[in-house]
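Trainee: I would like to go through this fold step by step. Please put the structure up and I will ask as we go.

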Amino acid sequence: QVQLVESGGGLVQAGGSLRLSCGASGSIFSINAMGWYRQALGTQRELVATITSGGSTNYADSVKGRFTISRDNAKNTVYLQMNSLKPEDTAVYHCSADVYTTSIVYRRYWGQGTQVTVSS
């Protein structure tokens with residue numbers, strides 16, 4: 001089994017910053033891509049940013065220039081630095097990891113999510 005645990009969410013005023021962290025643990029052989037997705041009330045989950053094991057990144061247009069994704073491969077951890085936050089960034093943020101397990105299974109795992117609320 002593989003577990004992903006997020007931390008770092010909270011309440012912040014518009015223009016403020018937050019840093020999310022997500023650590024993966026369990027029966028991990030290696031991790032390919034890791035990412036962050038978000039889901040606001042009444043909407044579908046959407047991509048925020050992804051990062052490969054080699055460090056290549058991809059961002060949603062709505063967060064480019066404001067959010068930065070990074071990872072520490074030795075710690076199986078992915079981060080999301082969020083600056084210049086806007087009320088429309090309010091959502092539950094979920095991390096994901098594309099994992100090769102020690103049982104030679106390849107699948108995407110998800111964290112439970114952390115709430116980010118941006119007040120105007």
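Trainee: In what order do the four strands of the open sheet lie?

Mentor: Keep in mind that this is a predicted model. The four strands pair in the antiparallel sense, and the sheet they form is open. Its edge strands, each paired on one side only, are β1 (2–7) and β7 (67–72). The order is β1-β3-β8-β7.

Trainee: What does the twist average from one strand to the next?

Mentor: The sheet in question is the open one with antiparallel pairing. From one strand to the next, its twist averages 15°.

Trainee: Over how many bridges do β3 and β8 pair?

Mentor: Strand β3 covers residues 18–26 and strand β8 covers residues 77–82, and their pairing is antiparallel. Two positions show the register: arginine 19 stands opposite glutamine 81 in β8, and cysteine 22 faces valine 78 in β8. The number of bridges is six.

Trainee: Which residue in the turn between β7 and β8 has a positive phi?

Mentor: β7 and β8 run antiparallel and are joined by six bridges. Aspartate 72 stands opposite threonine 77 in β8. The two strands form a hairpin with four residues between them, and the turn residue with a positive phi, about 50°, is asparagine 76.

Trainee: How many residues of β8 are buried?

Mentor: Buried here means under 20% relative accessible area. In the sheet order, β8 lies between β3 and β7. By that cut-off β8 is mostly covered, and of its six residues the buried ones number five.

Trainee: How many helices and strands are in the chain?

Mentor: Read from the N terminus, the elements run β-β-β-β-β-β-β-β-β-β-β. The count is therefore zero helices and eleven strands.

Trainee: What radius of gyration does the chain have?

Mentor: The C-alpha atoms fill a box of roughly 45 × 25 × 20 Å along the principal axes. For 120 residues, a compact globule would have a radius of gyration near 14 Å, so the chain agrees with that rule. Its value is 14 Å.

Trainee: What percentage of the contacts with a separation of 6 or more is between residues 24 or more positions apart?

Mentor: A contact here means heavy atoms within 4.5 Å. Among contacts in the chain with a separation of 6 or more, the share from residues 24 or more positions apart is 55%.

Trainee: How much of the exposed area do carbon and sulfur atoms supply?

Mentor: Buried residues make up 42% of the 120 residues in the chain. The chain exposes about 6300 Å², and the part of it supplied by carbon and sulfur atoms is 48%.

Methods: Residues numbered from 1 in each chain as written. Predicted model: local features only at pLDDT ≥ 70, side-chain atom pairs only at ≥ 80, totals over all residues. Heavy atoms only, no water. Pairing = 2+ DSSP bridges. Axes fitted to C-alpha atoms, helices over the stretch in contact; angles between N-to-C directions. Rg over C-alpha atoms; globule rule 2.2 N^0.38 Å. Buried < 20%, exposed > 50% of the residue type's maximum accessible area, 1.4 Å probe, protein only. Areas by Shrake-Rupley, 256 points an atom, 1.4 Å probe, with all protein chains shown as cover.
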